[in-house]
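Q: Could you take me through how a structure of this kind is read, going from the sheet to the helices and then to a single side chain?

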Amino acid sequence: MSNELSSAANEPLAKGPANYTPLSPMSFLRRSAQVYPDKTAIIHGNRRESYADFFARSRRLASALAGQGIGKGDTVAVMAPNIPEMLECHFGIPVLGAILNAINIRLDAATVAFILEHGGAKVFIADRQYAPIVRDALEQMANPPIVIDINDPQAKGGGVIGDLEYETFIAAGDPEHPWQGPADEWESIALNYTSGTTGNPKGVVYHHRGAYLNAIGNAMTFGVNAESRYLWTLPMFHCNGWTYTWGVTAVGGTHVCLRDVDPALIFPMIAEHGVTHMCGAPVVLTALIHAPDSVKQRFEHKVEVATGGAAPPSAVIEQMEAMGFRVTHLYGMTECFGPSTVCAWQPKWGELPLDTRAAKMARQGVEYMTLEAQDIIDPDTMTPVPADGQTIGELMLRGNTVMKGYLKNPSATDEAFRGGWLHTGDLAVKHPDGYIEIKDRAKDIIISGGENISSLEIEEVLYKHPDIMEAAVVAAPHERWGETPCAFVTPIAEVGDLTAEKVIAYCRDNLAHFKCPTRIVFGPLPKTSTGKVQKFALRDTARGTS
Ligand code: ADP
């Protein structure tokens, strides 16, 4: 691809007073294209995009969209895996003042139709692999948006969807289209729907200011810099890739694209591209740990892995470290632009044995430097709980990396912001060192005979069993105790003789007896599209089998 960087790239993002420009990630791409025009910004298969190309293509996209009438406040939806076009959309759409609505690629047609209608998308950019779902979704809509297909050679199956094709569409755009930030940093940049496990998905609205800050906070927290090669094992549709779409671009690092999270692709790609950083839910780590030996590789360099989105059992951290990765544990939610909380490493932990160290690292930790505050608070009295590692309260957050609110849902927004904090719905304790530890989502806690039982505590023990690959614990109804823990267990493939009795006996050796599961169900665990175990589905099964 030609180097299309123009002199206009040297212009500041917005013209105004010497000491104020509204914060926006749009300035990251302009700067990186200016500083590193020839450097590889994006790798995808054999394709390479330099920072100059990345910038020019994003400007072409902006220009072509403007030609379709897209401007300030309009929503443009995108359904694409981790490919260069998705990165271009993270810049070429918001630079117009439009709002990027990245849609989860694993959703069903009805939910996609709901999101397109609710978010008011005027244009829908979709990868051809998802043609069947996308066509079905569009048929369900009264006023479907304009559709632009992405025709990626790595796509498997699918077909033509709309009348326009991305490459042709942007080719007609101007590579010198003006590059401007928002007039106000509080303007919307993105719309991300929560998974909706508790009803219709809610549309979380992000502002430019928060996206800018969290991208910087993520890059600094995870040590991403211009030398970094960031492998896209985390979906870019999930909280805009936890804002690493903007963060890796900010530092001028290299994005290494990946359509499918498959260990057989990941290990060789780490070796081939010298990958330094990657992120993923614990389920991604588990997949790497249990990959066949024929696929696994060791690397001469340390690969940094940030995990979050669900609690990583300490056994998973331990096994990743043993494979030569360094793990950083992050916590966050869609409402706070992805990660807000990090288990910040303390030098003295280096002297601890691996298991004790992993247990410390399995805690969720302390607030990001870009989040103003977090605390564990009693939601009834709104007073903080003591830092005793025992008293359970709700994790609450506040600061500049908290969403604007839920789209067209003021009552849910007011409820989430009650008392001047973002209520996360996660129950946690605060340790004397100030580090927080999540015990459960409020709706997942098991109440047995009036005692709270943390499902994560039982899972933590189950993951340490040498024959268990994955485990999830939910409440099952119980005549006498009200609820009792029911464990769903996936044994390691080659283990044939794991029985419910053996698992229960093991739990009784390692847990207080009232916390032990009374029922064990073997089999694969149903996961959400972001790799979280679908506890609501397991609860249904647990209820059915009681
Ligand atoms: P959804 O609510 O749709 O699953 P989110 O990505 O917003 O999508 O999920 C946020 C939730 O994920 C948090 O409220 C918390 O319950 C869980 N979570 C995220 N990171 C962690 C972590 N490190 N440890 C435990 N739970 C986590």
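A: What follows is a short dialogue on the sheet, the helices and one residue.

This is a predicted model, in which local features need pLDDT of at least 70 and side-chain atom pairs count only at pLDDT 80 or more, whereas totals for chains, interfaces and linings use all residues. Residues are numbered from 1 along each chain as its sequence is written, and side-chain values use heavy atoms, with hydrogens and water left out.

Q: In what order do the strands of the open sheet run, and is the pairing parallel, antiparallel or mixed?

A: Strands of a sheet pair through backbone hydrogen bonds, either parallel or antiparallel. Strands here are DSSP runs of E with at least two residues, helices are runs of H or I with at least four, and both are numbered from the N terminus; two strands pair if DSSP finds at least two bridges between them. In this model 9 strands form an open sheet in the order β2-β1-β11-β10-β12-β13-β14-β15-β16, with mixed pairing. The edges are held by β2 and β16 (366-367), each with a single partner strand, so one side of each is left without a neighbour in the sheet.

Q: How does strand β1 pair with β2, and how with β11?

A: β1 and β2 (residues 47-50) are antiparallel and share 4 bridges, with I42 finding its bridge partner in E49 of β2. The hairpin they form has 2 residues between the strands, and G45 in it takes a positive phi near 55 degrees. Towards β11 (residues 254-256), β1 runs parallel over 2 bridges, and I43 stands opposite V256.

Q: Why is β1 described as largely enclosed?

A: The term buried means under 20% relative accessible area, exposed means over 50%, and partly exposed lies in between, with a 1.4 Å probe and protein chains only. Because 4 of the 5 residues of β1 (residues 40-44) are buried, the strand is largely enclosed by the rest of the structure.

Q: Which strands does helix α2 lie across, and at what angle does it run to β2?

A: Axes are lines fitted to C-alpha atoms, for helices over the stretch in contact, and angles between N-to-C directions run from 0 to 180 degrees. Helix α2 (residues 51-67) lies across β1, β2 and β11, and its direction is at about 85 degrees to β2.

Q: How do helices α1 and α9 pack, and which residues make the contact?

A: The axes of α1 (residues 26-35) and α9 are 8 Å apart and meet at an angle of about 30 degrees. A contact requires heavy atoms within 4.5 Å, and this one is made by M26, F28, L29, R31 and S32 of α1 with W246, T249, A250 and V251 of α9.

Q: Is T245 of helix α9 buried or exposed, and what does its side chain reach?

A: T245 lies in α9 (residues 244-251) and counts as buried because its relative accessibility is 0%. A polar contact is a pair of N or O atoms within 3.5 Å; within protein, one must be able to donate a hydrogen and the other to accept it, and residues adjacent in sequence count only if both atoms are side-chain atoms. The side chain of T245 reaches the backbone oxygen of N240 at 2.9 Å. Leaving aside residues up to four places away in sequence, T245 touches L87, H90, F91, W232, M236, N240 and H255.

Q: How many residues of helix α3 are buried?

A: In α3 (residues 84-92), 9 of its 9 residues are buried, among them L87, H90 and F91.
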